[in-house]
Amino acid sequence: MDNPINSTYQTAKASYSAQVRQGYIKTIRNLVLNDVATVLARTQGGSRDDSRVDSVILAAIDRLDTEDLPKGDKLKLLKELKDEIYGYGPIQCLVEDTGLNEIIVRGPKHVEVERRGEIMDTDVEFDDEEHLRKIIDRIAVGANRHIDDANPMLDCKLSDGSRVNAVIPPIALEGSYLTIRKFAAVPYKISDLLSFGTMSEQMAEFLEAAIGMGRLNVLVSGGTGSGKTTLLNVLSEFIPDAEEIITIEDAAELQLKQPRVRRMEARPANIEGKGAITIQRLVVNALRMRPDRIIVGEVRSGESLDMLQAMNTGHDGSLTTIHANSPREALSRVETTVLMSGMELPVSAIRQQCVGAFDLIVHTERLRDGTRKIMSITEVGNMTGEIISLQEIFRFVHDGEFVYRETGRKKVRGHFEATGVQPNCCRKMQDNGAVIQQNWFRTGRC
C-alpha cells in the first residue's frame with residue numbers, strides 16, 4: 001500500500017511554478033520533517049538515528065521530479081532539511097560561517113550579521129514566529145536552560161563557545177529577538193591583534209612584561225562589542241605555564257592554553273527560582289582553591305568587592321573586565337558595583353581599595369568603521385585628596401577618516417603613541433623579575 005504522504009508530495013509538486021517556488025520548497029520541507037518525526041517516534045524513546053534520518057530525507061527527496069526541481073534546488077533543500085533536523089534551521093549556515101562576528105535576529109523576517117565590523121542584511125528568514133521560537137527552544141535545551149513566557153530571557157552559549165542571548169514575547173514586542181556573538185574557532189593571539197592594528201608592538205611588549213613576569217593587576221574596560229573578552233583572552237596568554245589559574249565567568253568564553261587552568265561558570269536559578277550560583281560566590285570560593293591568579297570574565301555586581309580584596313591579598317597578576325567608556329569611568333563603575341555588594345563602605349575606602357588592587361587600565365573601543373583599538377593604557381596612581389590619580393602611558397590618536405572609492409565605506413585613520421610617561425609600576429615589575437625597555441616610553445609614535 002502506498003504511503004499516504006506520496007499523494008501529498010504529488011499534490012505539492014503539481015502546484016509548483018517559478019512564482020511559488022519558495023512556497024513549494026517550504027511545503028516539501030515540512031512534509032519531509034513530518035515524515036522524519038514519524039520515523040523517530042517509532043524508534044526506541046525517539047532517540048536520534050542519523051543514518052535512518054538521512055535515508056528518510058534522501059528517500060523523500062528522491063520522490064521529487066528533478067524536472068520540476070532543479071538539481072541545485074534539490075541539494076539546497078537537502079541542506080535545509082539537515083540543518084532543520086540537526087542544527088539551528090535557517091541560521092545554521094551563519095553559525096558555521098567563520099567570517100562572521102555576530103548574528104542578529106529581529107523577529108522571523110529580519111536577520112543581520114556583522115562581518116569585519118560592518119552590519120549587513122541577509123536574505124535568511126524563518127517561516128514565522130513559531131519557527132523562530134522552535135530554534136530558540138532548541139538552543140536553550142542544548143545549553144540546559146529554559147525559556148518561556150514566565151522566564152522570557154535566555155543567556156547561554158553554543159557548543160562552539162558562541163555567546164547567545166534571546167528575548168521572547170511578552171518582553172520582545174515585534175517577535176522574538178536572538179543575538180549570537182561568535183568567537184574565533186582558534187583563539188586570537190597577540191600577533192593577530194598586531195596584524196589587525198588593535199595595538200602597537202611597543203604596547204604589546206609592555207603588556208607582556210606587565211602581565212607575565214611583572215604580575216600587574218589589569219582592568220580591561222570598554223563598551224559592548226568593543227572586544228574586551230577577546231583582549232582578555234589574548235592578555236592571559238602572557239601568564240606563565242607554571243602558575244595556577246582560576247577563571248570565573250558568567251558564560252565560559254575564555255580559552256586559556258596553560259596546563260594549570262581551572263574553569264568555573266556561574267549558574268542561573270532554575271524554574272523554581274532556586275539553585276543560582278553567582279560570580280560573587282565563585283570568587284569567594286576561588287580564594288580557597290590556592291590560585292596564583294584569578295581571571296574574572298566581567299564584574300557587574302557585588303563580586304567587585306571580593307575581586308578587589310583578592311587583588312589586595314596576594315593574587316597579583318589577576319585580570320578582569322568591566323563595561324565603561326573611559327578609564328576614569330571604569331573606576332567609577334567599579335565603585336558602583338562594590339556598593340551593590342550590600343556593604344556600606346565609604347567611597348573613600350572603596351577608592352583606596354581600587355588604588356591597592358589595580359595597576360593598569362587597558363581601555364578598548366569599537367570605532368565607527370567597525371575596527372577595535374586599544375584606545376589607552378593607563379596607570380592607576382595614588383589618591384590625590386578624594387580623587388584617584390591616573391596617568392596615560394599609551395594612547396590611540398585619531399588622524400581623521402578616508403573613504404574607499406569602490407565601496408564608499410569610511411575608514412578611521414590614526415596612530416598609537418607613547419605619552420613619555422614612565423609608569424611607577426615599573427618598579428613592581430622589576431621586583432618581580434620583568435625586564436623594562438626604556439624605548440617603550442619614548443614620546444611619539446610607537
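Q: In which loop is the place of Arg-290?
A: In this predicted model, Arg-290 has a positive phi of about 50 degrees although it is not a glycine. Most residues other than glycine have a negative phi. The place of Arg-290 is in the loop between α10 and β10.

Q: Is Arg-290 buried or exposed?
A: A residue counts as exposed when its relative accessible area is over 50%. Arg-290 has a relative accessible area of 58%, and therefore this residue is exposed.

Q: Which residue in the loop between α6 and β4 has a positive phi although it is not a glycine?
A: The loop in question lies between α6 (129–142) and β4 (153–157), and Asn-144 is found there. Its relative accessibility is 73%, so Asn-144 counts as exposed. The residue with a positive phi, of about 65 degrees, is Asn-144.

Q: What is the omega of the cis peptide bond that joins Pro-169 and Pro-170?
A: Most peptide bonds are trans. Pro-170 lies in the loop between β5 (163–167) and β6 (177–181). The bond that joins Pro-169 and Pro-170 is cis, with an omega of about 10 degrees.

Q: What is the order of the strands in the open sheet of ten strands?
A: The pairing in this open sheet is mixed. Strands β9 (261–265) and β16 (444–445) stand at the edges. The order is β9-β8-β10-β11-β7-β12-β13-β14-β15-β16.

Q: Why is one side of β9 and of β16 left without a neighbour in the sheet?
A: Both strands stand at the edges of the sheet. One side of each is left without a neighbour because β9 and β16 each have a single partner strand.

Q: Which residue in β10 does Ile-246 stand opposite?
A: Strand β8 (residues 245–249) and strand β10 (residues 293–296) run parallel, and four bridges join them. Opposite Ile-246 stands Ile-294.

Q: At what angle to β8 does helix α10 run?
A: Helix α10 comprises residues 279–286 and lies across β8, β9 and β10. Its angle to β8 is about 170 degrees.

Q: Which strands does helix α9 lie across?
A: Helix α9 spans residues 228–236 and runs at about 170 degrees to β11 (319–323). The strands that α9 lies across are β7, β10, β11, β12 and β13.

Q: What percentage of the residues of the protein chain count as buried?
A: A residue counts as buried when its relative accessible area is under 20%. The protein chain has 14 helices and 16 strands. Of its 446 residues, the buried share is 46%.

Key. Residues are numbered from 1 along each chain as its sequence is written. This is a predicted model: local features need pLDDT of at least 70, side-chain atom pairs count only at pLDDT 80 or more; totals for chains, interfaces and linings use all residues. Side-chain values use heavy atoms; hydrogens and water are left out. Helices (H or I, at least four residues) and strands (E, at least two) are DSSP runs, numbered from the N terminus. Buried means under 20% relative accessible area, exposed over 50%, partly exposed in between (1.4 Å probe, protein chains only). Two strands pair if DSSP finds at least two bridges between them. Contact means heavy atoms within 4.5 Å. Axes are lines fitted to C-alpha atoms, for helices over the stretch in contact, and angles run from 0 to 180 degrees between N-to-C directions.
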